[in-house]
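Grab a viewer and work through these exercises one at a time. Try each task before you read its solution.

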Amino acid sequence: MVRPDAAASRDPQDAHPAMRELLKQMCLAVRGGILRPFRPARPAGCPEPARRDAVTSILFIRIDGIGDLVLSMPAIDALKTAFPGAEITVLGSPAARDLLAHHPHVNRVLVYDRGAPLGKKLRVIRTLRSLRFDVALDPFDSWDLEPALLAGLSAAPVRVGFASGGGREVFFTTHLPMPRQDHHISEVVSGLLAPLGASPVGINPRLHVTQQECEEAARFIEAEGLAGRVLVGIHPGASSESQHWPEEYYAELIDTNVGVSVVFPGAVTTDITANSGVDIPSMDTVDQDSIRTTSPELAAKIILDGIEED
């Protein structure tokens, strides 16, 4: 198995982490000082449990990675349980539309592309304001200002979020302190619902798929001769550099799960496959650039062929 040297793979930008952290905190302090005068003079507070029937429209903001959205699904379920008569709108990244297309508790998905031109973003904001939400929720537990700003611009009378630095709290009518770092993200997001009187329904997310999608998956498994076997799905990579899993961890995961078949349901990068601990002969006959953008079916087949021949 290939084990890349940790020192050789270390990011050169990590040489002065304390200095970068100090500069970040200074910038956040300045930003907070600028924004603080704009905080609401009289916060609207949160709806009383006895008045839950008055909440008819809820905005849930999750414009970051697809993984964070998946882990926020228990919170969406808890919202529907607490406010069964309310419509739930999710403001999400472009990937959110397909992911939530069949979610029974999501009535509407609005796409907000953080890389889009300003004009396109303004059109989304106008749509938010036209929907007249009763409650807006920003579950980000970071210093990122954009989702908090969107909550404020929605003009919902009740806006809940974390006061996680740099003046984000000025856009909320009710803000919570930063959660502990050792909490699971599903627990963090569900904890944001406490001021609304909504109780968590668990932390395990559930993806909702169609019968057609189930049948397509079953046909793929049958065609690969995997029916009845244990399958482990691995989705390598992450949108944030700090969340990237080292390639050698994938290799160890594969090596320690003898007797199972590993499927990469997405693009396969050459770096990960080269360090996977598995001989993948198909790599010699497949164009390297095409592997990075291959279909889930081809990506899975490349890995499965390599494991079966190893």
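**Exercise 1. Work out how strands E1 and E2 pair, and over how many bridges.**

Start with the two stretches: E1 covers residues 57-62 and E2 covers residues 87-92. They run parallel and share six bridges. Strands here are DSSP runs of E with at least two residues, helices are runs of H or I with at least four, and both are numbered from the N terminus. Two strands count as paired if DSSP finds at least two bridges between them. For a specific spot, look at Ser57, which sits opposite Glu87 of E2.

A quick note on the source: this is a predicted model, where local features need pLDDT of at least 70 and side-chain atom pairs pLDDT 80 or more, while totals for chains, interfaces and linings use all residues. Residues are numbered from 1 along each chain as its sequence is written, and side-chain values use heavy atoms, leaving out hydrogens and water.

**Exercise 2. Place that pair in its sheet, and find the helix that packs on the sheet.**

Step one is the strand order: E3-E2-E1-E4-E5-E6, an open sheet of six strands with parallel pairing. Next, the edges are E3 (108-111) and E6 (174-176), each pairing on one side only. From one strand to the next, the twist averages 15°. Finally, helix H5 (residues 118-130) packs on the sheet and touches E1, E2 and E3; contact means heavy atoms within 4.5 Å. The direction of H5 makes about 150° with that of E3. Such angles run from 0 to 180 degrees between N-to-C directions, with axes fitted to C-alpha atoms, for helices over the stretch in contact.

**Exercise 3. Find the salt-bridge partner of Glu87.**

Glu87 meets Arg108 through their side chains, 3.5 Å from N to O. That fits the cut-off: a side-chain nitrogen of Lys or Arg within 4 Å of a carboxyl oxygen of Asp or Glu. Since Glu87 is in E2 and Arg108 in E3, the pair ties together parts 21 residues apart in sequence. The structure holds six salt bridges.
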